[in-house]
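Let's take a look at how a protein holds a ligand, and at a space inside the protein too. Have the sequence and the 3D view open as you read.

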Amino acid sequence: MPITIIIGTGISSAAYLLSVKQYLTSTNQALGNVGVVGGADLWQKMSHAHAMGQPTQLLTGNLLGRGREVRGFTPQQLSDRGFLTAGQFSRTIQHYLTQHSCAQLADSYVYRITKEGSKYLLATHVEGEIGGIITCDRVIFAPGPGPARPLATEAGILSEEEIAGFGRRIIKGNDFMSPDWTTPLSLSPEETIVAVYGGSATAAWAVELADMRKMNVTCWFTRPGRDKDAWNAKVRFSEAFPAGDRNNTVEEVYETRRHVYKLKKVESVENSTKIRLIFEQQDGRDVVTYVDLLIYALGAEHTLTQGVRSVLAPALCDSLVAYYDKNRAISSTPSLLAIGTEDRSLMVVGSAMSSAGGFGGSTLQVQGDASRTISTLAPYREINKTLPDAAKPPEGIAMVMAGIEALNEYVPARPVRGGRKAVFIPPRLTTSEGRRLPRGSANPDANRISSHDIDFEWDINFNTSNRTQLAIYIAQTTDLSPFAANLAVALIVYFRTRPENVRGLSDPQVTTIITCADLIYKKLAELNHDLDAQLLHFDKKWGAEQHVVNCVGYVTTTTEWKVFWRNEGISLT
Ligand SMILES: Cc1cc2nc3c(=O)[nH]c(=O)nc-3n(C[C@H](O)[C@H](O)[C@H](O)COP(=O)(O)OP(=O)(O)OC[C@H]3O[C@@H](n4cnc5c(N)ncnc54)[C@H](O)[C@@H]3O)c2cc1C
């Protein structure tokens, strides 16, 4: 029995495990015995009461939970602003990892992956102590978004020793958000003056949490950019307030305390526990402020030397290829989905792709096409163009679900227990001309009678599913013509990405869209007696998608259509 090791205990690992079985079954393979290694994922480390950035239906993809209600789909979902909590989410992931593995090595860290013959060797520490070598046949490496970007002033990066010299008064955002965090100061929360550095949603949550802990955040700053909006606070903090209203309060309350500054110096004040921060503002003048704590949340990434590439042996890096959305399931511009070996025995997956696992700009070849390199693919972050606004953070959960489901060609349907089966009896003689067997030869498979399910139970997430998943769902559950089905898919993706539908579409809205696509097709067929021939003609002339794109453009931009959709409960401004 082969052994598969999953490195990582987060959503990327769970999503891969839950979706890969279908793919492997279709190629007559199996994971064998699955073991999980890794430390706590982000959500185990966070306060379990922390409200996540999205409601349930944008966090479950097609893989977590079962049943419409559990997965966050109710007719009222559009007005539902109930955000899932970190505790609920982390318990769900741990449940799936336990259910789908036979062993877990908690608090372990893999510092080197090498290969000998067909076996992978994982050099592992356990709880910081010497561990050992784990030998396995397959490795799924889901290490998360990568090491935190370091704290830097205009003079350069502060080393770990320099930061340690401040005695825990300089803290990473993620560490501050841990429920185990304790203050290094003998001040009450109300007396504690805090500065937060970063323009991300995580920085906003650090501000929010400091506020909830009753601390006094006097300065929230981020550095200037490089373009014309370099010093524009609204632009520089835009990622702190993603669509979906999660961070509205902190946005309003801290408006006057947000600044775009260059951080020139971070100094310990002599004979005091204060930290002196010296900034340069847009007009070139210095601003000095004194704080007790400096929290920094500057994002995370894998680089040439840190994260994935520091763990993989160089010889292994040379054998990797870039997996992409070959089937154009997500969009017609295929993006990077994963990095792995050609035989998929080693796969780097999940949110690590938001920085291409450190392989961006490399000469990594594209899977199945030695003439192209990774730079010819759209970046992983472009998947978010097909998702609702509230699900767009590039290293976020909806992206992980969408990317991994497309990679594993996952279809969210299960055969109905006791449902009908179609039996296939191969003909006695071959029916087509083959290279080895001429037509009419004795069929070597004549006795291999097989059967497959034809009744399926669907539990689809309309807001994160890719085009292929939506198309199969519509083909299986309706009798729409191919054009109407393609139009319905394109309209679902169009409407769910509109600013009016920040948290996506509800089930009734999707049903309406599918019904309307059918009506549009029938109306067109009434007006054009040879519609299908015309559609075929345009498909040949413009390519398979263009006619659908034109049709979506027409039925979503003209005034009469906007009124039509509004009357159907789908607003379009
Ligand atoms: C503070 C914060 C809040 C966020 N909130 C949201 C949100 O509300 N919604 C959203 O969609 N996204 C959010 N994100 C984005 C976040 O990246 C994803 O939510 C999600 O955690 C990514 O899951 P993951 O499994 O890829 O990575 P992680 O959850 O980071 O898990 C990575 C796993 O890999 C393990 N690992 C890494 N390297 C090794 C190694 N060498 N050996 C062994 N184990 C290793 C780690 O121990 C861990 O178990 C947030 C990010 C931050 C920092």
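How do the residues of the lining of the largest cavity divide into nonpolar, polar and charged? Keep in mind that this is a predicted model. The lining of the largest cavity has six nonpolar residues, one polar residue and two charged ones. You can pick them out by name: Tyr16, Val20, Tyr23, Leu24, Gln29, Leu31, Arg138, Ile140 and Arg344. Helix H1 gives the largest share of this lining, with four residues, and strand S9 (138-141) also supplies at least two. The space in there is about 40 Å³, and the count of cavities of 30 Å³ or more comes to one.

Now for the ligand. It is surrounded by 31 residues, and the closest are Ser12, Gly53, Gln54, Ser351 and Ile397. Sorted by class, that shell has 15 nonpolar, 14 polar and two charged residues. Domain 1 (3-146 + 301-407) and domain 2 (152-296) each provide at least three of the shell's residues. Among the elements that supply at least two shell residues each are helix H1 (11-26), strand S3 (51-55) and helix H6 (201-212). So H1 turns up in the shell around the ligand and in the cavity lining, too.

Here are some polar contacts with oxygen atoms of the ligand:

| Residue | Polar atom from | Distance to a ligand oxygen |
|---|---|---|
| Ser351 | side chain | 2.5 Å |
| Gly39 | backbone | 2.8 Å |
| Leu42 | backbone | 3.2 Å |

On its own, the ligand has 980 Å² of accessible area, and the protein covers 90% of that.

Technical notes
Residues are numbered from 1 along each chain as its sequence is written. This is a predicted model: local features need pLDDT of at least 70, side-chain atom pairs count only at pLDDT 80 or more; totals for chains, interfaces and linings use all residues. Side-chain values use heavy atoms; hydrogens and water are left out. A residue is near a molecule or strand if one of its heavy atoms lies within 4 Å of it. A polar contact is a pair of N or O atoms within 3.5 Å; within protein, one must be able to donate a hydrogen and the other to accept it, and residues adjacent in sequence count only if both atoms are side-chain atoms. Accessible areas come from the Shrake-Rupley method with a 1.4 Å probe; for residues, only the protein chains shown count as cover. Ala, Val, Leu, Ile, Met, Phe, Trp, Tyr, Cys and Pro count as nonpolar, Asp, Glu, Lys and Arg as charged, and the others, Gly among them, as polar. Domain bounds come from an automatic or database domain assignment. On a 1 Å grid over the protein atoms alone, a cavity is a set of points where a 1.4 Å probe fits but cannot get out, and a pocket is an open set with protein on both sides within 12 Å along at least five of seven lines; lining residues have an atom within 4 Å of a point. Grid points are joined across faces, edges and corners, and a volume is the space filled by probe spheres set on the points.
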